[in-house]
Amino acid sequence: MRAEPCILNPVSELMTARLAVLISGNGSNLQALIDAIRYRALDAEIVVVASNRKDAFGLQRATKAGIPTRYHPLKPYRDAGKDRQTYDADLARLLNEYRPDWVVLAGWMHILSDVFLRHFPYRVVNLHPALPGQFPGANAVAEALAAFQAGAIKKTGAMVHLVPDEEVDAGPVIASEEVPIYPHDTVETLANRIHQTEHGLLVQALRRLIEGD
Ligand code: GRF
């Protein structure tokens, strides 16, 4: 009996986007991407997951999904008196080994300098737990809750944007979604609600970028 020839579709082969995902922690958004790709909701392949923290749970999620992982800590650079530019240049080199089409910052806690960004012009995508123009930086959820309690805002949200330069949590917005805040919220309950929104939003934003949806 003759085996059926393996027919590859060159068009879909060409379209599958190569993602490098940068994480620093839990990686629930990385998991959302892994699941979306597995269920064919996103035509992409995660070619590498890199973390600046060795104990980031997201690294275990990646390994479980059969994705290569890289650990790229800042401390050895600091200890050796090397600057952030050197760290960033090495990170870009490391990721470039995997030829990514897009670099996705999914909970990556370092600000990336132009030394890194110029390797991936308009191809770095960041996820931030606030609406465009509001609460940049690492304390967005707590700041939004405090602003709500002070009567300054009624809702917060999440956004996905391109990272063209060194400005923090700013850049062309690909997708954003509002998230309600309730009077009984704590930082934890609000963060959980934002995470639920982020998981769908990140997939939707990447689909838009990859497929022009
Ligand atoms: C997300 O809230 C993201 O917006 C922020 O860091 C968090 C990462 O969460 N930049 P996780 O590691 O994907 O669970």
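These are my notebook entries on the ligand site and the pockets of this structure.

**Entry 1: the model.** I am working from a predicted model.

**Entry 2: the shell around the ligand.** I began with the residues around the ligand. Near the start of the chain I listed Asn26, Gly27, Ser28 and Asn29. Further along I added Gly107, then Leu127, His128 and Pro129. His195 and Glu198 complete the list. I then sorted this shell by class: seven residues are polar, two are nonpolar and one is charged. Which elements supply at least two residues of the shell each? I found helix H2 (28–38), strand E5 (124–128) and helix H8 (187–211).

**Entry 3: polar contacts of the ligand.** I looked up distances to oxygen atoms of the ligand. For Glu198, a polar side-chain atom lies 2.4 Å from a ligand oxygen. For His195, an N or O atom of the side chain is 3.0 Å from an oxygen of the ligand. Pro129 takes part through its backbone: a polar atom there is 3.5 Å from a ligand oxygen. I also checked cover. The ligand taken alone exposes 360 Å², and the protein buries 86% of that.

**Entry 4: the largest pocket.** Where does the ligand sit? I noted that the space it takes is the largest pocket. I recorded a volume of about 840 Å³ for this pocket. Its lining counts 38 residues. Nearest the centre of the pocket are Gly107, Trp108, Met109, Leu127 and Pro129. Gly107, Leu127 and Pro129 also appear in my list of residues around the ligand.

**Entry 5: what builds that lining.** I assigned the lining to elements. H2, E5, helix H7 (140–149) and H8 each give at least two residues. Which of them gives the largest share? H8 does, with five residues. By class I recorded 18 nonpolar, 14 polar and six charged residues in the lining of the largest pocket.

**Entry 6: the second largest pocket.** I turned to the second largest pocket, which holds about 180 Å³ of space. From H2 and its end I noted Ile34, Ile37 and Arg38 in the lining. Ala44, Glu45 and Ile46 line this pocket too, as do Ala65 and Ile67. Two elements give two or more residues here: H2 and strand E2 (44–51). How do the classes divide? I recorded six nonpolar residues, two charged and no polar ones.

**Entry 7: cross-check.** I see H2 at both pockets: H2 supplies residues to the lining of the largest pocket and to that of the second largest.

Note on methods
Residues numbered from 1 in each chain as written. Predicted model: local features only at pLDDT ≥ 70, side-chain atom pairs only at ≥ 80, totals over all residues. Heavy atoms only, no water. Near = heavy atom within 4 Å. Polar contact = N/O pair within 3.5 Å; in protein donor to acceptor, adjacent residues only side chain to side chain. Areas by Shrake-Rupley, 256 points an atom, 1.4 Å probe, with all protein chains shown as cover. 1 Å grid on protein atoms, 1.4 Å probe; cavity = no way out; pocket = protein on both sides within 12 Å on 5 of 7 lines; lining within 4 Å. Sits in = over half its atoms within 2 Å of the grid points. Helix = DSSP H or I, 4+ residues; strand = E, 2+ residues; numbered from the N terminus. Nonpolar A, V, L, I, M, F, W, Y, C, P; charged D, E, K, R; others polar. Points joined across faces, edges and corners; volume = space filled by probe spheres on them.
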